[in-house]
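This briefing covers overall shape first, then selected sites.

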Amino acid sequence: MTATAETSVSRPAVAARNPALAIVALAIGGFTIGTAEFMTMGVLPEIAAGVDVSVPTAGHVISAYALGVVVGVPILAFFGAGLPRRGLLVALMVAYGVFNLLSAVAQSYHVLTLARFLDGLPHGAYFGVASLVAASLVTPERRGRAVASVMLGLSVANVAGVPAATWLGQHLGWRSTYLTAAALAAVTVLAILAAVPSMPGDPTSSGRAEAREFFGSLQVWLTMAAGAVGFGGLFAVYSYIAPTVTEVGGLDSSAVPFFVLALGLGMVAGTWLAGELASFSVFRSLLGGGISCGLVLVAYFFVSPAGWWLLPIAFLVTATGSVLVVNLQLRLMDVAGGAVTLGAAMNHAALNVANALGAWAGGVVIAAGYGYRAPALVGAGLAVLGVLILLWSAAVHRRTAVAAGRPVGATD
């Protein structure tokens with residue numbers, strides 16, 4: 001290979017005056033979405049009182065948001081496949097801000113539920129397109145770190161944005177949280193316009209063709225299934241962290257915020273680690289993350305009654321889980337072929353399925369009388385199933401490579 005060819009291979013796909021600043025702008029969007037998604041849980045009693053429903057009924061607005069994410073990803077990716085990417089990011093974030101404003105002014109439970117559903121629609125598409133843009137701004141060997149940096153915004157939101165928004169909602173009313181999210185969306189729009197380079201769309205790209213290629217790939221389905229199942233283990237314990245700390249660990253309710261903080265810090269650490277591991281091997285990082293998550297969840301089961309000793313285990317639950325998130329994103333981008341927009345976005349649909357699956361499965365064993373420790377074992381089982389699906393994916397890769405007469409190497 002000549003020096004010229006070597007240089008062209010190592011160059012980023014898109015030139016930017018300051019790629020780091022552009023990625024920060026994209027990460028601000030991740031922070032905005034992460035804050036808006038999780039802050040509802042912190043002010044749920046205030047929301048219930050504000051729209052005159054019970055707390056369990058108010059919890060349906062969280063489910064409505066997750067449903068919006070699942071529905072919105074394929075629709076927006078389908079219609080946005082050929083659109084200019086910076087313009088699409090701006091449009092998605094404008095919509096996100098508008099729907100948060102609608103949430104803030106909702107006068108009834110039904111209007112609020114609809115607003116939260118609509119607000120979930122741009123979620124996955126934003127992260128998908130932002131990941132593609134971030135990856136195109138850096139050299140190929142640094143794309144894992146670039147995508148992880150975008151996802152880091154969501155993780156940091158759980159450490160800083162969500163607690164701050166929760167405090168604000170408790171002192172100024174729950175509507176102030178959604179007004180804050182709308183303001184953050186406006187800041188994101190300005191940051192993207194200022195720092196992200198213009199990126200014309202691919203005029204040959206077709207949403208119909210992308211959908212046909214994407215959903216016709218067995219590797220795509222196996223990767224999404226690995227995320228929807230394997231990542232569910234994290235939510236099986238996250239959803240019930242408060243009663244686990246108080247009823248199993250014997251701690252006062254004042255200890256719960258420290259465990260929530262540990263979960264958030266674990267997300268930050270795991271997202272950073274995922275970017276580093278991805279530069280070596282995306283697929284091996286997925287396997288390692290899945291196995292580690294399963295082992296940590298088993299430890300969670302045994303350590304739960306030990307009070308504060310559970311704190312570092314809670315940190316490791318989200319740290320290992322976050323390694324899966326970033327590398328599943330990269331894996332889907334790799335196996336999607338020409339359907340890059342769908343490949344980058346559908347990861348978030350799969351993860352929201354994991355959210356629902358983990359919380360539901362954990363609730364089933366609790367309702368069956370097995371106690372608040374049981375979801376950890378359910379989560380470990382889900383992690384094992386996720387690893388088995390990944391091994392199935394590797395076997396399919398090897399079989400396809402042999403049939404095509406290609407060398408059988410790493411799946412990524």
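What radius of gyration would a compact globule with 412 residues have, and what does the protein have? For 412 residues the expected value is near 22 Å, and the protein has 21 Å, which agrees with a compact globule. The model is predicted, and the values below are computed from it.

**Overall architecture**
- The protein contains 18 helices and 0 strands.
- The C-alpha trace spans about 65 × 45 × 35 Å along its principal axes.
- Of the 412 residues, 54% count as buried.
- Contacts between residues at least 6 apart in sequence join residues at least 24 apart in 83% of cases.
- The exposed area of the protein is about 16800 Å², and 71% of it is supplied by carbon and sulfur atoms.

**Ser131 in helix 7**
- Ser131 is part of helix 7, which covers residues 109-136.
- Ser131 counts as buried because its relative accessibility is 0%, and the cut-off for buried is under 20%.
- A polar atom of the Ser131 side chain lies 2.7 Å from the backbone oxygen of Phe127.
- Outside its neighbours within four places in sequence, Ser131 is in contact with Val147, Gln329 and Met333.

**Ser322 in helix 16**
- Ser322 belongs to helix 16, residues 310-335.
- With a relative accessibility of 7%, Ser322 counts as buried.
- The side chain of Ser322 has a polar atom 2.8 Å from the backbone oxygen of Thr318.
- When residues up to four places away in sequence are not counted, Ser322 touches Gly266, Met267, Gly270, Thr271 and Ala274.

**Nonpolar surface patch**
- Val384, Leu385, Leu388 and Leu391 make up a nonpolar patch on the surface.
- Together these four residues have about 350 Å² of accessible area.
- One of them, Leu385, lies in helix 18, which runs over residues 374-404.
- Leu385 counts as partly exposed because its relative accessibility is 43%, and that class lies between 20% and 50%.

**Backbone at Asp52**
- Asp52 sits in the loop between helix 3 (44-50) and helix 4 (55-58).
- Asp52 is not a glycine, yet its phi is positive, at about 60°.
- Most residues other than glycine have a negative phi.
- At 71% relative accessibility, Asp52 counts as exposed, the cut-off being over 50%.

Note on methods. Residues are numbered from 1 along each chain as its sequence is written. This is a predicted model: local features need pLDDT of at least 70, side-chain atom pairs count only at pLDDT 80 or more; totals for chains, interfaces and linings use all residues. Side-chain values use heavy atoms; hydrogens and water are left out. Helices (H or I, at least four residues) and strands (E, at least two) are DSSP runs, numbered from the N terminus. Buried means under 20% relative accessible area, exposed over 50%, partly exposed in between (1.4 Å probe, protein chains only). A polar contact is a pair of N or O atoms within 3.5 Å; within protein, one must be able to donate a hydrogen and the other to accept it, and residues adjacent in sequence count only if both atoms are side-chain atoms. Contact means heavy atoms within 4.5 Å. Patches are made of residues with over 30% relative accessible area and no salt bridge: like charges are joined within 9 Å, nonpolar side chains (Val, Leu, Ile, Met, Phe, Trp, Tyr) within 5 Å. Accessible areas come from the Shrake-Rupley method with a 1.4 Å probe; for residues, only the protein chains shown count as cover. A salt bridge is a side-chain nitrogen of Lys or Arg within 4 Å of a carboxyl oxygen of Asp or Glu. The radius of gyration is taken over C-alpha atoms; the globule rule is 2.2 Å times the number of residues to the power 0.38.
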